[in-house]
Amino acid sequence: MRIGFGYDVHPFESGRRLMLGGIEIHGFKGLKGHSDADVLLHALTDALYGALALGDIGSHFPDTDPEYKNADSAKLLAECYGEIIDRGYEISNADITVVAERPKLQPHIAAIRERIAQLLHCECSRISVKATTSEKMGFIGREEGVAVHAVVLIKEAG
Ligand code: MG
């Protein structure tokens with residue numbers, strides 16, 4: 001088994017759609033970024049690359065590369081998942097914590113878990129997504145952005 005950890009943060013930006021965990025959340029401003037700025041999928045992808053000791057998401061998909069402008073982060077995760085499979089591993093489980101004051105994520109958690117399970121070709125029961133706030137402190141407390149922490153365990157397929 002191998003463990004990986006990922007962390008990412010993106011600031012809010014008006015006029016963009018909010019992508020979080022591979023789904024679009026309506027009725028709230030989006031996040032700023034070179035890609036679609038899906039901070040949750042970025043943290044998860046970073047955790048998976050970390051588990052493989054293959055660097056970070058930025059080294060695989062540079063934010064200076066026009067190819068990744070407004071890129072669908074689900075596709076980046078799918079590419080990373082291919083590396084997991086190529087090396088003979090499968091997903092054991094993932095645990096993801098989203099830190100945001102708003103929007104409230106509870107109504108969206110089931111859909112996000114299903115989407116991630118679909119992208120990682122595993123049962124939904126292997127994917128945990130939790131949400132918390134920053135108790136109004138710091139940049140998250142001021143509703144300037146969203147941070148995500150992700151840990152994953154991968155195991156030899158068999
Ligand atoms: Mg990012």
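**Metal site.** I began with the donor spacing of the magnesium ion, which reads D-x1-H-x31-H along the chain. The donors in this predicted model are Asp8 (OD), His10 (NE2) and His42 (ND1), at 2.1 to 2.3 Å. I took donors to be N, O and S atoms within 2.8 Å of the metal (3.2 Å for Na, K and Ca), and water is not among the atoms, so sites may look incomplete. His10 sits in strand E1 (residues 2–13) and His42 in helix H1, 32 residues apart, so this pair links distant parts of the chain. Helices (H or I, at least four residues) and strands (E, at least two) are DSSP runs, numbered from the N terminus. I also checked burial: His10 and His42 are both buried, meaning under 20% relative accessible area, with exposed over 50% and partly exposed in between (1.4 Å probe, protein chains only).

**Backbone oddities.** Which residues does a cis peptide bond join? I found Arg102 and Pro103, with omega about -5°. Pro103 belongs to the loop between strand E5 (89–99) and helix H4 (109–119).

Next I looked up positive phi values. Ala37 is not a glycine, yet its phi is about 65°. I placed Ala37 in the loop between strand E4 (30–31) and helix H1 (39–51). Is Ala37 buried or exposed? Ala37 counts as buried because its relative accessibility is 0%.

Glu135, also not a glycine, has a positive phi of about 55°. Its loop runs between strand E6 (127–132) and helix H5 (138–141). Glu135 is exposed, at 62% relative accessible area.

**Ground rules.** Residues are numbered from 1 along each chain as its sequence is written, and side-chain values use heavy atoms, leaving out hydrogens and water. For this predicted model, local features need pLDDT of at least 70 and side-chain atom pairs count only at pLDDT 80 or more, while totals for chains, interfaces and linings use all residues.
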